[in-house]
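Visitor: Please take a close look at the salt bridges in this model. I would like to see where the charged partners sit and what surrounds them.

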Amino acid sequence: MEDKNVMTSSVMTQIDAVRHDVADKTSGLVVTAMGLLGVPYRRGGTSAETGFDCSGFVRAIYSQTIGLVLPRRANEQAAATQTIDKKELQPGDLVFFNTMRRTFSHVGIYIGDGKFVHSPRTGETVRVEDMQAAYWKKRFNGARRVVDYSLTTQAQ
């Protein structure tokens with residue numbers, strides 16, 4: 001009986017450690033993303049110095065914060081991550097939209113309270129949007145979570 005309690009305690013300690021690690025990474029993702037508000041949109045852009053497009057922004061945040069390199073395009077990011085229900089969204093999850101008459105043509109990072117941060121389009125800057133706004137609500141394609149790190153490449 002004592003061995004079983006020790007094993008249970010050890011497993012619970014490990015689960016707690018993982019839970020804290022995930023919370024820290026999620027918080028870091030959101031803080032890093034919010035720190036880039038105002039950076040200009042740039043088609044094909046992948047850095048704060050030159051600007052971001054939507055998928056370049058998401059890729060940079062995950063790379064800088066967690067050390068994971070997501071695929072380059074929004075549709076590839078959707079394919080490489082786990083589908084979740086919109087009701088399950090947590091800060092750090094990815095949200096996808098059909099903005100160019102094709103699924104998963106736009107991506108942002110969910111920050112909580114029905115809001116997401118993204119790099120929208122030419123002439124605009126990284127900003128926060130409400131997913132309940134008519135434009136975004138109509139174009140919502142789905143939510144994804146980066147959970148299976150084998151689907152991404154470790155940053156070098």
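Guide: A search of the whole structure, which is a predicted model, finds six salt bridges. One of them joins R72 to D53, with the closest N and O atoms 3.0 Å apart. R72 lies in the loop between β3 (68-69) and α3 (74-79), and D53 lies in the loop between β2 (51-52) and α2 (54-66), so this pair ties together parts that are 19 residues apart in sequence. The two partners differ in burial class: D53 is buried, at 10% relative accessible area, while R72 is partly exposed, at 22%. The cut-off for buried is under 20%.

R72 also leads to Q77, a residue of helix α3. Setting aside residues up to four places away in sequence, the list of residues that Q77 touches includes R72. The list also holds S55, V58, R59, L70, P71, F96 and V107. Q77 is buried, with a relative accessible area of 0%. The side chain of Q77 reaches the backbone oxygen of P71 at a distance of 3.0 Å.

On the other side of the R72 bridge, the loop that holds D53 runs between β2 (51-52) and α2 (54-66). An aromatic pair belongs to this part of the description: the structure holds seven such pairs, and one of them is formed by F52 and F57. The geometry of that pair is edge-to-face, with 5.5 Å from centre to centre and 75 degrees between the planes. F52 is buried at 0% relative accessible area, and F57 is likewise buried at 0%.

A second group of salt bridges involves R121, E124 and R127. R121 bridges to E124, where the closest N and O atoms are 3.5 Å apart. E124 in turn bridges to R127, and here the closest N and O atoms are 2.7 Å apart. Through shared partners, salt bridges join R121, E124, R127 and E129 into one network. As for accessibility, R121 is partly exposed at 45%. E124 is partly exposed at 24%, and R127 is partly exposed at 24% as well.

R121 has a further neighbour to note, R43. The C-alpha atoms of R43 and R121 are separated by 7.9 Å, although the two residues are 78 places apart along the chain. R43 is found in the loop between α1 (2-34) and β1 (46-47), and it is exposed, with a relative accessible area of 75%.

I111 offers a buried site for comparison with these charged residues. I111 lies in strand β6, residues 106-112, and is buried with a relative accessible area of 19%. Leaving aside neighbours within four places in sequence, I111 is in contact with V30, M34, P91, F116, V117 and V128. The C-alpha atoms of I111 and G92 are 6.2 Å apart in space, and these residues are 19 apart in sequence.

F116, one of the residues in contact with I111, also takes part in an aromatic cluster. Ring pairs link F97, F116, Y135, W136 and F140 in that cluster. A charge is found at F140: the charged end of K86 sits over the ring of F140, 4.6 Å from its centre.

Lastly, a word on confidence. The mean pLDDT of the protein chain is 86, and 78% of its residues reach 70 or more. Over residues 15-21 the pLDDT is below 50, and this stretch has zero contacts in the model beyond near neighbours in sequence. Over residues 150-156 the pLDDT also stays under 50, but there the model has 15 contacts beyond four places in sequence. Where pLDDT is low, the predicted coordinates should not be read in detail.

Key. Residues numbered from 1 in each chain as written. Predicted model: local features only at pLDDT ≥ 70, side-chain atom pairs only at ≥ 80, totals over all residues. Heavy atoms only, no water. Salt bridge = Lys/Arg side-chain N within 4 Å of Asp/Glu carboxyl O. Helix = DSSP H or I, 4+ residues; strand = E, 2+ residues; numbered from the N terminus. Buried < 20%, exposed > 50% of the residue type's maximum accessible area, 1.4 Å probe, protein only. pLDDT = per-residue confidence, 0-100. Contact = heavy atoms within 4.5 Å. Polar contact = N/O pair within 3.5 Å; in protein donor to acceptor, adjacent residues only side chain to side chain. Phe/Tyr/Trp six-rings, centres within 6.5 Å; stacked < 30°, edge-to-face > 60°. Lys NZ or Arg CZ within 6 Å of the ring centre and 35° of its normal.
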